[in-house]
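Hi everyone, thanks for making time. I'd like to walk you through a chain, starting with its overall layout and ending inside it.

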Amino acid sequence: MLPINRNATIPPKTIMIIAIPISGKKFSYNMINIVDIDEKNIIIHGFSMGGYGAWRMSLLYPDLFKAAVILSGAISPPPHLKGERITDLLDKAEGEKLSYFIVHGAKDNAVPVEQAREAVQKLQELGISHEYIEVKDAYHTGYNKWLEIFNWLKNLIYRYKKVIR
């Protein structure tokens, strides 16, 4: 979760980033009920194996999320867990209403960049909205693309609000 001043109140319809376990649909709905969240603008984020979780949650529950931000994300489940490859879930998805922002280091030695490229190719084939940044000299970490991510999120949310006005 993004750092929040413990003494501050959370204004209504605040953008929050909340860590959600892979099987966390119940948790997600509970957070919506506890905090006044704009339900049409929920964005899931994951890094590394959490990226796999964000991919998976967004594809299994597309009604819950507007978009996903994936940083150095895996597209295969961890060996000790039963799960689907993300490209297989994309084939079955109603994901055309979702948007993805993917960032991956070209020299990643934990999650090979080929996984990101494969996912991006599948998104292109299916016509699913996405942005992809491959960071030339970065490994699994060591890049900072938050400005690009937040600009993308701002445009995504503003575009939505403009449409419904």
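I'll take the fold, the sheet, the helices on it, the cores and two serines in turn.

A word of caution before anything else: what you see on the screen is a predicted model.

Let's begin with the layout. The chain holds 5 helices and 4 strands. Follow them from the N terminus and helices and strands take turns, in the pattern α-β-α-β-α-β-α-β-α. The chain has 165 residues, and 45% of them count as buried. About 9600 Å² is exposed, with carbon and sulfur atoms supplying 53% of that area. If you look at contacts with a separation of 6 or more, 70% of them come from residues 24 or more positions apart.

Now to the sheet. In what order do the strands of the open sheet stand? They run β1-β2-β3-β4, and the pairing is parallel. The edges belong to β1, residues 43-47, and β4, residues 129-135; each has a single partner strand, so one side of each is left without a neighbour in the sheet. From one strand to the next, the twist averages 10°. If you'd like one pairing to look at on your own screen, try β3 and β4, which are joined in the parallel sense over 7 bridges. There you can find Val103, whose bridge partner in β4 is Ile133.

Next, the helices on the sheet. α2 packs on it and touches β1, β2 and β3, with a direction about 150° from that of β1. α4, for its part, lies across β3 and β4 and runs at about 155° to β4.

Let me stay with α2 for a moment. Does its length agree or disagree with what 1.5 Å a residue would give? For the 12 residues of α2 the expected span is 16 Å, and the end C-alpha atoms are 16 Å apart, which agrees. This helix is also mostly covered, as 9 of its 12 residues are buried. Among those buried residues are Gly51, Tyr52, Trp55, Arg56 and Leu59.

That brings us to the interior. In soluble globular proteins, nonpolar side chains tend to be buried together. Here, the largest nonpolar core has 26 residues, and the members that touch the most others are Trp55, Leu59, Phe65, Ile86, Tyr100, Ile102 and Leu123. Which elements each supply at least two residues of this core? They are α2, β2, α3, β3 and α4. The most comes from α2, which gives 5 residues. Take Leu59 as an example: leaving aside residues up to four places away in sequence, Leu59 touches Ile86, Leu89, Leu90, Ala93 and Tyr100. Apart from this core lies another one, of 14 residues, including Val69, Leu71, Ile149 and Leu156.

Last, two serines for you to click on. Ser48 lies in the loop between β1 and α2. Ser48 is not a glycine, yet its phi is positive, at about 60°. Is Ser48 buried or exposed? With a relative accessible area of 17%, Ser48 is buried, since the cut-off for buried is under 20%. Ser72 is found in the loop between β2 and α3. Ser72 also has a positive phi, of about 50°, although it is not a glycine. Its relative accessibility is 0%, so Ser72 counts as buried.

That's my tour, and I'm happy to take questions.

How values were computed: Residues numbered from 1 in each chain as written. Predicted model: local features only at pLDDT ≥ 70, side-chain atom pairs only at ≥ 80, totals over all residues. Heavy atoms only, no water. Core = buried A, V, L, I, M, F, W, Y, C linked by side-chain atoms within 4.5 Å. Buried < 20%, exposed > 50% of the residue type's maximum accessible area, 1.4 Å probe, protein only. Contact = heavy atoms within 4.5 Å. Areas by Shrake-Rupley, 256 points an atom, 1.4 Å probe, with all protein chains shown as cover. Pairing = 2+ DSSP bridges. Axes fitted to C-alpha atoms, helices over the stretch in contact; angles between N-to-C directions. Expected span 1.5 Å × (residues − 1).
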